[in-house]
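Biologist: Please take me through this model and justify each term you apply to it.

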Amino acid sequence: RSLYLAANMNFFAIVFAIALVGGAVSSPAKPGRENGQGIKSMIRKANLDIVHQFLDHHKEPTSPRYELPDPSFTCDTSTGEEPTSVHALAPGDIDLIAAVGDSITTGFGIDAADLSEVQRPYRGKTFSTGGDGDIEGPDRAISLANILKRFNPNLRGVSHGIADIDDPNSGLNRAMPDSESRDMLGQVQQVITEIETNPDYDYENDWKLIVMYVGSQDLCYSCEDEPEPGTEFHYRDNIRAAIEWLKDEKEVPRLMLILIPVIDISHAPEYVNSEVCELIQAVSCPCLVDEEFFPQLPDLHQEYCRLIREDARSGLWDTRDDFTVCYEPFTQDVLPGADENGIIQDFVSHDCFHPSAVSHEVHSLMLWQNMLEPMGRKTHFGNPIEYLDELLDMKCPTEEAPYIYTNLNSGEIK
């Protein structure tokens with residue numbers, strides 16, 4: 001891979017030097033992290049902030065926005081009796097939706113007009129909890145929350161607009177930029193605390209859906225893992241700790257957790273279409289430009305997926321009738337969106353890394369389809385463009401299977 005960095009190391013060194021000084025004095029460490037990890041987090045954020053300040057005047061031309069047609073939604077949205085088992089949970093039975101994760105679930109990059117807007121927390125259009133608009137029409141925003149609102153218009157926890165985490169419009173989206181798998185325990189604890197203390201929610205009786213999607217930052221810095229680079233068990237253990245707290249320590253009632261594997265970030269350089277993007281990816285995701293480690297990223301990604309998939313399918317979290325974890329593999333093998341003309345640049349934002357609004361919409365359609373497919377027969381998507389007709393003809397619950405598929409209601413195939 002030919003890197004613009006190689007010819008611009010002096011500028012790159014200046015950026016890092018400024019970031020090291022500025023980050024150390026201006027950014028607070030994340031709560032609950034060791035000081036060393038807090039400093040690393042400060043430096044990462046400062047690096048990206050400095051690059052944005054230096055390069056914001058670069059207005060690279062972009063291709064015309066790629067628009068999806070409206071999906072076809074013909075589902076029967078009536079609901080039956082409220083279930084007592086999570087394995088009979090239908091879309092209309094879900095009372096609350098929440099999300100935990102990193103900058104993708106925060107909404108970075110969505111509808112950004114230029115590089116300076118990439119870091120806006122556009123939670124109202126994220127693929128999980130986004131509640132702006134509807135799945136059809138002029139204000140369209142396809143998201144899991146908006147799909148579920150077709151079945152239950154009183155769904156709570158949805159996010160609206162550009163909202164920081166302390167803004168009520170963020171709903172129950174507790175994702176934070178720069179988060180890694182080790183932050184999931186703290187984020188799910190925040191979600192549950194909010195549900196317990198907010199009078200708008202009924203902690204004991206509401207059926208809760210939490211969407212967990214994290215791992216890009218783990219992979220981006222995996223070349224710096226200790227005790228050695230590429231330690232995949234850290235990721236698995238961190239996810240496991242968060243879920244075990246929910247199930248065994250806190251014993252949260254009436255909860256389905258959707259566990260989504262991280263995408264393979266080694267495809268990110270395929271979206272690079274400018275020197276600006278090349279530099280930003282290098283600063284924000286250094287393992288992409290570690291020439292020795294980069295070839296290991298695809299295998300490490302697959303190990304991340306395998307370990308959490310095995311946990312989710314093992315029955316480890318299926319010992320209660322009102323709690324389960326569903327592994328939805330739609331991101332596991334997904335590839336960059338491409339048509340006969342090549343990569344569709346509009347699937348990413350101006351930093352060539354964060355997904356765009358149209359990408360979030362496609363992700364929500366893939367997630368929805370996975371949720372209505374039995375374990376062991378779920379679609380593993382490749383190039384999403386090849387599946388658009390299938391995705392836009394939205395799958396519906398059936399009379400025989402009106403519920404979201406889990407390990408225990410999927411039959412023998414898992």
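Modeller: In this predicted model, Thr231 is in contact with Asp225 and Glu226, its neighbours within four places in sequence being left aside.

Biologist: What makes these pairs a contact?

Modeller: The cut-off is heavy atoms within 4.5 Å; Asp225 and Glu226 satisfy it with respect to Thr231. Thr231 itself is found in the loop between α6 (216-220) and α7 (232-249).

Biologist: Why is Thr231 called buried?

Modeller: Its relative accessible area is 13%, and buried means under 20%; therefore Thr231 is classed as buried.

Biologist: How is the packing of α7 with α9 described, and which residues meet there?

Modeller: Two packed helices are described by the angle between their axes and the distance between the axes. The axes of α7 and helix α9 (residues 297-313) come within 9 Å and cross at roughly 35°, and the crossing is right-handed. Among the residues that meet are Phe233, Tyr235 and Ile239 in α7, and Leu300, Tyr304 and Leu307 in α9. The residues of this contact divide into seven nonpolar, no polar and five charged.

Biologist: What makes the enclosed space a cavity, and how many does the search find?

Modeller: In a cavity a 1.4 Å probe fits but cannot get out. The search of the whole structure finds one of 30 Å³ or more, and about 370 Å³ of space lies in the largest cavity. Its lining has 22 residues, with Ile263, Tyr271, Val348, Phe353 and His363 nearest its centre. By class, 15 lining residues are nonpolar, six polar and one charged. Helix α10 (residues 357-371) supplies the largest share of the lining, three residues.

Key. Residues are numbered from 1 along each chain as its sequence is written. This is a predicted model: local features need pLDDT of at least 70, side-chain atom pairs count only at pLDDT 80 or more; totals for chains, interfaces and linings use all residues. Side-chain values use heavy atoms; hydrogens and water are left out. On a 1 Å grid over the protein atoms alone, a cavity is a set of points where a 1.4 Å probe fits but cannot get out, and a pocket is an open set with protein on both sides within 12 Å along at least five of seven lines; lining residues have an atom within 4 Å of a point. Grid points are joined across faces, edges and corners, and a volume is the space filled by probe spheres set on the points. Helices (H or I, at least four residues) and strands (E, at least two) are DSSP runs, numbered from the N terminus. Ala, Val, Leu, Ile, Met, Phe, Trp, Tyr, Cys and Pro count as nonpolar, Asp, Glu, Lys and Arg as charged, and the others, Gly among them, as polar. Buried means under 20% relative accessible area, exposed over 50%, partly exposed in between (1.4 Å probe, protein chains only). Axes are lines fitted to C-alpha atoms, for helices over the stretch in contact, and angles run from 0 to 180 degrees between N-to-C directions. A crossing is left-handed if the near helix is turned anticlockwise from the far one by less than a right angle, and right-handed if clockwise.
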